[in-house]
Amino acid sequence: GPKAVEGALTVPDCVVEVYATVKAADEYADLLADAPQVWLVEDRAMETLSDSVSPAGVVAVCRFLDVELADVLAGSPRLVSICADVRDPGNAGTVIRTSDAAGAAAVILAGNSVDPYNPKTVRATVGSLFHLPIVRVDDPAQAVAALQQAGLTVLAADGGGEDDLFTTDLEPATAWLFGNEAWGLPDELAAVADRRVSIPIHGRAESLNLATAAAVCLYASARAQR
């Protein structure tokens with residue numbers, strides 16, 4: 001899609017080539033002017049290149065963007081998101097997009113989290129996949145330990161947390177730890193965080209979904225740090 005391709009084209013040497021229908025090439029001519037190579041294809045071919053029901057007519061082939069956690073920590077980040085076993089591509093993409101909007105320095109996809117290059121994840125980021133570093137690590141607990149050693153306070157977003165989001169000091173450099181959509185954070189993982197923080201529920205809703213909770217937490221930190 002044009003938004004994702006636009007984002008990819010802002011990263012040096014990320015885009016290898018672009019495939020576009022004749023109609024899309026005309027509609028997005030200014031965008032495609034920055035592409036290193038553009039191939040025109042028929043609508044039928046475009047349908048095989050994209051998994052969306054109604055392809056936008058533009059597909060870019062890109063290099064992987066993975067960044068090492070050590071490289072992120074070398075930049076003294078102030079705000080980081082950690083997704084532990086977040087498996088839904090829409091949720092992961094939305095957390096990446098929200099992290100970008102809130103000014104986070106990176107997103108860490110840990111454990112059995114979804115592939116950031118899953119087409120649905122890419123679309124859900126609306127280009128934000130290309131705006132901030134994406135780190136993939138096998139062990140969420142190791143990621144937490146590395147962030148703590150680098151001086152960040154790791155806060156576990158936990159509905160049963162003992163600390164209230166709106167009374168917690170969020171000004172220091174912070175990494176938010178978000179768990180799986182269905183079962184949240186395992187106790188053993190939440191226990192290695194510095195604090196467990198809950199979002200107050202003032203109405204009758206039992207909880208917030210992952211993407212909404214991440215947005216509330218990240219923007220609370222963004223406000224405190226700014």
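In this predicted model, let's start with two helices, H6 (residues 89-101) and H10 (residues 210-225). Their axes come within 9 Å and cross at roughly 15°. Angles under 35 degrees count as roughly parallel, and therefore H6 and H10 are described as roughly parallel to each other. The crossing of this pair is right-handed.

Which residues of H6 and H10 make the contact? On H6, look for Asn 91, Thr 94, Val 95, Thr 98, Ser 99 and Ala 101. Facing them from H10 are Leu 210, Ala 211, Ala 214, Ala 215, Leu 218 and Tyr 219. Sorted by class, the contact of H6 with H10 holds eight nonpolar residues and four polar ones, with no charged residues.

Now follow H6 to the sheet. H6 lies across strands E4 (79-84), E5 and E6, and runs at about 175° to E4. Another helix, H8 (residues 140-149), also packs on the sheet. H8 touches E4, E5 and E6, along with strand E7 (153-157) and strand E9 (174-178), and its direction makes about 165° with that of E4.

How are the strands of the open sheet ordered? Seven of them line up as E6-E5-E4-E9-E7-E10-E8, with parallel pairing. Strands E6 (134-137) and E8 (163-164) stand at the edges, and each has a single partner strand, so one side of each is left without a neighbour in the sheet.

To see one pairing in detail, find strand E5 (residues 106-110), which is joined to E6 by four bridges, the two strands running parallel. One residue to pick out is Ala 110, whose bridge partner in E6 is Val 137.

Note on methods:
Residues are numbered from 1 along each chain as its sequence is written. This is a predicted model: local features need pLDDT of at least 70, side-chain atom pairs count only at pLDDT 80 or more; totals for chains, interfaces and linings use all residues. Side-chain values use heavy atoms; hydrogens and water are left out. Two strands pair if DSSP finds at least two bridges between them. Contact means heavy atoms within 4.5 Å. Axes are lines fitted to C-alpha atoms, for helices over the stretch in contact, and angles run from 0 to 180 degrees between N-to-C directions. Angles under 35 degrees count as roughly parallel, over 145 as roughly antiparallel, 65 to 115 as roughly perpendicular and the rest as oblique. A crossing is left-handed if the near helix is turned anticlockwise from the far one by less than a right angle, and right-handed if clockwise. Ala, Val, Leu, Ile, Met, Phe, Trp, Tyr, Cys and Pro count as nonpolar, Asp, Glu, Lys and Arg as charged, and the others, Gly among them, as polar.
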